[in-house]
Amino acid sequence: MSIRFNQTQKLIQVTLLLAALLVIAWISQQFFFRIDLTSEKRYTLTETSQRFMQELESELYVKVYLDGNLNSGFRRLSNATREMLEEFKSEGGTSMYFEFVNPDKGGADDRKALMETLAEYGFEPQAVFESAEDGRQIQSNVFPYALVYYQDRIVGVNLLDNLPSRSGAENLNTSIEGLEYKFTNAFKRLLSREKPRIAFLEGHGELDELEVIEATDALSAYYQVDRGQIGSDAGILKPYKAVIIAKPTQPFTEKEKYVLDQYLMQGGRILYLMDAVRLTLDSLRSSPQTIGLYNDVNLDDQLFKYGVRVNPVVVEDVQAGRIILNARPQGQPQMVPVPWLYSPLLSSAQNHVITRNINLVRGSFTGTVDTVGVGLELSRQVLLRTSQYTKVNQTPVFISMADVNKQPKQSEFNASHQAVALVQEGRFPSVFANRQVPAGLTGVDKFRGKSVPTKMLVVADGDIIRNKVRFKQQANPQILPLGYDEGSRMLYGNKDFIVNAVNYLCDDEGWMALRGRHLTLRLLDKQKLSQGTASWKWLNVGLPIVLVLLGSILFVYLRYRRFGR
């Protein structure tokens with residue numbers, strides 16, 4: 001009877017154990033749970049992202065095309081994307097779904113349809129070259145993209161950041177860092193019921209609509225973009241979240257300055273793109289040389305009061321873009337690209353969310369900015385700088401196309417890292433304090449002598465936002481991409497800079513802070529890998545065998561102690 005009782009007891013214990021395991025398995029399927037032990041909390045969503053997912057009113061569907069036969073780097077990006085989407089799904093619950101699609105599956109027609117679908121969002125396959133065992137170079141295409149569907153709208157997400165100045169491993173790590181921002185950015189665009197309004201100012205010789213159409217199109221994904229003049233209505237700028245002043249060439253009136261000042265005092269945000277010296281490349285094409293003079297638009301006193309000064313200088317930089325010149329003026333034209341020191345390639349600050357992980361920014365006849373004033377309730381951050389080898393030319397500046405043939409002298413290029421773009425945040429003093437309100441204004445509210453906390457960004461180069469336009473006077477003008485260098489055929493980060501700058505100025509929710517997320521890149525030391533690896537190989541092979549033998553000996557010994565008698 002005791003033997004049968006013991007067997008029954010063991011059967012009950014096994015049944016209870018299996019039941020407990022089944023319950024645990026069911027609970028693990030119903031609830032997504034993970035403890036993030038990483039120092040940088042790379043697997044934890046921020047409160048901003050969680051809030052977006054909790055605001056879902058209908059199903060959100062994400063289709064990712066980074067799947068299939070991938071190398072180790074892209075496989076890591078694919079796995080990180082899956083983990084990030086699982087985190088989003090844990091917050092969104094049944095309202096969010098995602099799917100990974102292998103673009104290599106299916107026939108030729110399916111792949112063609114996929115290519116056409118992704119091309120609608122500006123996505124092209126990325127070529128990857130790898131070495132086979134026999135030394136051959138094998139090319140394959142990957143699709144590091146995702147499409148996000150919500151209600152009747154679709155937004156494309158580029159998962160890969162590809163900066164030419166960085167290695168493949170660094171670019172992949174940067175891409176993983178930006179996953180939460182990219183998806184949250186897409187969710188924000190889809191969930192926004194009404195787009196905030198921003199405006200380009202007109203009436204002072206600013207860049208026209210065609211010259212900023214690339215920036216306008218990019219900003220239209222987030223905002224309703226308007227254009228117009230200030231006029232005499234003091235409250236005309238109230239509906240706008242931000243105002244962009246793009247390369248003015250004519251003076252502002254005191255009435256317009258007052259409207260801008262009080263707009264800033266009431267919490268408005270302003271992006272100034274200023275040329276303190278009047279120079280254009282078109283003037284050089286029509287004559288062999290030109291002179292750059294001070295460009296007075298009557299904003300110096302206002303900017304000085306706000307704590308910043310745009311200097312009337314033009315920089316030359318050894319780190320520069322290229323222009324196309326005719327190397328054979330007589331006879332058949334021969335167009336060749338030549339370095340142009342007046343088009344500096346500006347380095348971006350990696351410790352600010354506006355400029356973090358963006359490419360170099362191409363300038364043209366760039367000036368510099370300085371901070372002025374003491375005791376201001378402002379925080380400041382330089383966003384763009386010139387390279388180590390910079391020359392600063394004071395006005396008047398004489399410029400000739402023959403300058404392309406001059407070799408830069410190191411002794412003259414000794415003004416390193418000149419500040420070109422600056423962001424300021426805090427409480428700004430009014431330039432109209434202790435001054436009368438200009439006559440002729442209507443709808444004037446109570447005067448503010450100090451602003452509420454707000455933001456301002458000043459760039460000493462109006463051409464940073466300008467896209468080139470060919471055949472402008474014809475019926476079908478050709479628009480070149482913003483930041484495109486015709487000489488080198490490189491696309492620089494001008495568009496990213498402008499979009500990030502406006503998003504940062506308009507951000508009240510803190511979602512732009514996601515761009516500042518940093519994940520430590522922990523790479524293996526290649527030098528140590530190439531030296532003394534034999535001992536580690538023997539350890540990896542021998543240690544498991546030794547552990548198995550010790551375990552076997554211990555098992556036999558314990559059985560002998562228990563049953564040997």
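In which helix does S175 lie? The tour of this predicted model returns to that residue after a view of the whole chain.

**The whole protein**

Begin with the entire chain in cartoon representation. The secondary structure of the protein amounts to 13 helices and 27 strands. Its radius of gyration is 31 Å, well over the 24 Å that the globule rule gives for 565 residues, so the protein is more spread out than a compact globule. Orient the C-alpha trace along its principal axes, where the spans are about 110 × 65 × 55 Å.

Switch next to a surface representation. The protein exposes about 31000 Å², and carbon and sulfur atoms supply 53% of that area. Of the 565 residues, 43% count as buried. If contacts are displayed for residues at least 6 apart in sequence, 76% of them join residues at least 24 apart. Colouring by charge brings up 65 positive and 61 negative charges, whose mean positions are 7 Å apart.

**First stop: S175 and helix α5**

Select residues 168–177. This is helix α5, and S175 lies in it. With a relative accessible area of 0%, S175 is buried. Show the side chains around S175: leaving aside residues up to four places away in sequence, S175 touches L77, L159, L160 and D161.

Now widen the selection to the whole of α5. The helix is mostly covered, with 7 of its 10 residues buried. The buried residues are N171, L172, N173, T174, S175, I176 and E177. To see what they pack against, add α3 (72–92) and α6 (179–191) to the view.

**Second stop: the loop at Q151**

Select Q151, in the loop between β5 (145–150) and β6 (153–158). The backbone deserves inspection here: Q151 has a positive phi of about 55° although it is not a glycine.

**Third stop: P251**

Proceed to the loop between β9 (242–246) and α8 (254–265), which holds P251. Is P251 buried or exposed? At 51% relative accessibility, P251 counts as exposed, because the cut-off for that class is over 50%. P251 nevertheless has contacts: beyond residues up to four places away in sequence, it touches H204, D296, V297 and N298.

Keep P251 selected and add L550. The two residues are 299 positions apart in sequence, and their C-alpha atoms are 88 Å apart in space.

**Fourth stop: an open sheet of 3 strands**

Select β11, β12 and β21. These 3 strands form an open sheet in the order β11-β12-β21, with antiparallel pairing. The edge strands are β11 (277–278) and β21 (397–400), each of which pairs on one side only. Focus on β11 and β12 (residues 289–294), which run antiparallel and are joined by 2 bridges. Within this pairing, R278 stands opposite L293 in β12.

**Fifth stop: strand β14**

Move to residues 313–317, strand β14. Of the 5 residues in β14, 5 are buried, so the strand is largely enclosed by the rest of the structure. Display the side chains to see their directions: V313, V315 and D317 point one way from β14, while V314 and E316 point the other way, and all are buried.

Which strand pairs with β14 in the antiparallel sense? Select β20 (residues 390–394), which is paired with β14 over 5 bridges. At D317, the bridge partner in β20 is T390.

**Sixth stop: from β20 to β22**

Follow the chain onward from β20 into the loop between β20 and β21, where P396 lies. Show the backbone atoms of T395 and P396: a cis peptide bond joins these residues, with omega at about -5°. The strand β21 (397–400) has already appeared as an edge of the open sheet.

Finish in the loop between β21 and β22 (419–427), where H417 is located. H417 is not a glycine, yet has a positive phi of about 55°. Its relative accessible area is 42%, so H417 is partly exposed.

Methods
Residues numbered from 1 in each chain as written. Predicted model: local features only at pLDDT ≥ 70, side-chain atom pairs only at ≥ 80, totals over all residues. Heavy atoms only, no water. Helix = DSSP H or I, 4+ residues; strand = E, 2+ residues; numbered from the N terminus. Rg over C-alpha atoms; globule rule 2.2 N^0.38 Å. Buried < 20%, exposed > 50% of the residue type's maximum accessible area, 1.4 Å probe, protein only. Contact = heavy atoms within 4.5 Å. Areas by Shrake-Rupley, 256 points an atom, 1.4 Å probe, with all protein chains shown as cover. Lys, Arg positive; Asp, Glu negative; His and termini not counted. Charge placed at Lys NZ, Arg CZ, Asp CG, Glu CD. Pairing = 2+ DSSP bridges.
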